[in-house]
Each structure stands twice: as C-alpha cells, then as structure tokens.
Amino acid sequence: MKTYQCDIVIVGAGPGGSMAAKFCAAGGLDTILIEKKAEIGAPLRCAEGVSKKWLTEVGIEPDPTWIRADMKGAIIKSTQGTAFQLDESKAGNEVGYVLERHLFDKALARDAAEAGAKIMMRTSATGIIRGADGKIAGVKAKCMGEEIEIRAKAVVAADGYESQVGRWAGIDTTLKLSDIDSCIQYRMCNLDVAPDFCEFIIGSAAPGGYVWIFPKGNGVANVGIGVMGSLCKKGADAKYYLDKFIAEDPRFAKAQILEIMGGFVSTCPGLDCAVDDNIVLVGDAARIIDPITGGGICHACRTGMYAGKVLTECAKKNDFSKEALMPYEKMWRDRMEDKLFRNWMAKEKLATLTDDVIDDLIKMISGSDIKEVNVYNLLKVVKEKYPQVVEGFEDLI
C-alpha cells in the first residue's frame, strides 16, 4: 500500500478545507488536501449567496471571475405579501454577492496550491489511522481506486455536513431533527424577478425555514427552500413546498428548471468542542453555520483560517494535543459563538410564529428607524413589541 507522509492532511476541498490548506502551507507545513470529487466545487450544493463584509477579514479579494451578480439589497417577505426592502444604505456590507460557487471554490483551492499545498483529487477518506498510542496519525483513503495511507501529525476534517472523519475520530456530530433543514433548489430561467435584490419569504410557505430567490442575471436565479426537519411530514416536504410556492407566484409562469440540487443543512450553533488530539473540525463538519440563514461559506473560511494559524503554532512546539489545539476553539467562539447561539434561538422561536404574527413583524420592521439592518438590530426592534420572540436570549440583544 502506498503511504504518504506530511505534517497536515485536510479532508475536503471546500472553502474550509482550502483555507486551512492555504494557511498551513503558508506557515511552512507540509500539507496535503484531498478531495473525493472529480471537480472542486461541483456538483453544486449551495444557494451561492454571501455577504461582502467578511471577505477582507479572511484575505479574499473579490474577483469578477466568481462573482455572478452584485446585489443592491434584499427583500424580506411574509407569505401574505408584506415586504421589507433594504439596500446598501441600511444594510451596508450585509448586502452581498451571488457567486459562481464552483469558480469560487476553485479559486480558494488555487490559493492553497500557490501557498504550497498538494491537492489530490478523486481521493476519498475511508478511515482514521491511529498510532500505537491510540492517537490519530492520519487517514486511510482511496485515490483513483487505489488504497493509500496518508500519515500526518494532525488531520483537519473539512468534509461538510456528513462529517465522516469527525465521527471516525469519536467526536459526536449528531443533530436533533429540529437542527436539520431539508433543502432543495432549482436554477431557473425565464423569471420575472428583481435582478439585483435577493428575496427571502418566511412563514408557512417554508415551515421553520424560508424560500429564497437569488438572481444570477438575464432572468436566471437560484430558487430554493429550507424546511425544518422536525416539521417535515410528507417525506419530500421541501420539494412539495417549493413547487407550491412557484405554482402560486405569477412571476414563474414561464420559468423553466435548468438544474436541481438538494441536501441537508445543519442549523445548530456549533459543536460542544471541535478539536481533539491531532484533529480539528472546520465549517459544516463542526456545525459552525448560521442557524437562521443556513449560510456557511464565511464560517467555513474563517474556521479554516483559524485552524491553519493554530496548527502552524502547534508545529513550532511539535504538540498537536487537544490542549494545544484549544486556541482554535477560543478563536471561533470569540468571533462567532454569541451570534450563532442568538440566531439559533431566533430560529427556534421563528418556527413557532403564525403567518399573522410574521406579517405584523415585517410591517413593524418596515416602519422602524433602523440605521443599520442586520439580525441583531432587527431582533432589538422585535424585542420591543414581541418580547416573547426573544424570550430566553434577551441578554444577547
């Protein structure tokens, strides 16, 4: 069996994995990044919307190559038709881009390669290697059908929602049904929608979640839905609700589906601990994802960067123990934990509200003088009239 030796092996070449590979390699570590698919970023499993504000934070320069559309703002709607429109004057960098996600992911992987990381495609992890002391010592994998071993001082699990590597390592990544959203998305053409505003519809049209319309220009848009797992009753609820929404909206009268994607998204506020001896979990694998939006690209990029920086420091002391890796935990929690927990609580409450209450909330927000619109400021306004919505997490608002 062929064996590779390296300092760090990273499983999964999504944003989290590529960012971890870039920062590990830039820190002088011998880094191998493995990807099970034949093409980085494909097939698509993402709504492709991101805000702008975090890109500079992780050192990503906006590139027209992977920006499909530059949004002017967003529209939040109730199922009863009440709408709240916000633009950059109020939303600032919360407004964002609609990506060509496969090109975005490839760009991040290219950055990792330019930093010195070795990328191995069509290479899927099949298990964990443990040393004589019982600690993780790399991964077993299959590369183009050939069984191989990649021995390393530490492993980064960046293998997304399924997170097999985390489970193999003994980290509990199980989720409650209410912390899973069942999602489906169509890429559609011939749509009559606002070309530069993302749209979000909340309420019974998408129980416990929302419908989204992310324009990509020339009458093309990603149209999708997420439905809370505990509210799924029919077995294919996401498709049922999305098809119903499309059928009832006249803007879709001539629309046609060009592509279908589906999957699941975790909506919990992160794992209790995303490190153990010789292993770090990043992004979706660590359940570090915005519970209220299901957005995870920025969280994956941040956590990948943090992992790379911490692993670089660990290498200087040749100590990859759980204790030595704990600065990673501190980094992501200091930066994101309160917001993720607040948004998780908001998600839980939102799922219990009737369409009438949601409609009233949107009307109230529309008439409020909010200088900067974000989830935090929206919840501050909601707290004044509907304190029951924020009950249990008032101290975070």
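**Figure 1. Overall dimensions of the predicted model.** The radius of gyration of the protein is 21 Å, which agrees with the value near 21 Å for a compact globule of 397 residues. The C-alpha trace extends over about 60 × 45 × 40 Å along its principal axes. Nine helices and 20 strands make up the secondary structure of the protein.

**Figure 2. Burial and contacts across the chain.** Of the 397 residues of the protein, 56% are classed as buried. Among contacts in the protein with a separation of 6 or more, 71% join residues 24 or more positions apart.

**Figure 3. Surface and charges of the protein.** The protein has an accessible surface of about 17,000 Å², and carbon and sulfur atoms contribute 51% of this area. The protein carries 50 positive and 56 negative charges, and the mean positions of the two sets lie 2 Å apart.

**Figure 4. Close-up of D359 in helix α8.** Helix α8 covers residues 355-366 and includes D359. D359 has a relative accessible area of 5% and therefore counts as buried, the cut-off being under 20%.

**Figure 5. Close-up of the surroundings of D359.** With neighbours within four places in sequence set aside, the residues in contact with D359 are S78, Q80 and T82. For S78, the side chain makes a polar contact with the side chain of D359, at 2.6 Å. The view thus shows a residue of helix α8 that is buried and is in contact with S78, Q80 and T82.

Methods
Residues are numbered from 1 along each chain as its sequence is written. This is a predicted model: local features need pLDDT of at least 70, side-chain atom pairs count only at pLDDT 80 or more; totals for chains, interfaces and linings use all residues. Side-chain values use heavy atoms; hydrogens and water are left out. Helices (H or I, at least four residues) and strands (E, at least two) are DSSP runs, numbered from the N terminus. Buried means under 20% relative accessible area, exposed over 50%, partly exposed in between (1.4 Å probe, protein chains only). A polar contact is a pair of N or O atoms within 3.5 Å; within protein, one must be able to donate a hydrogen and the other to accept it, and residues adjacent in sequence count only if both atoms are side-chain atoms. Contact means heavy atoms within 4.5 Å. The radius of gyration is taken over C-alpha atoms; the globule rule is 2.2 Å times the number of residues to the power 0.38. Accessible areas come from the Shrake-Rupley method with a 1.4 Å probe; for residues, only the protein chains shown count as cover. Lys and Arg count as positive and Asp and Glu as negative; His and the chain ends are not counted. The place of a charge is taken as NZ of Lys, CZ of Arg, CG of Asp or CD of Glu.
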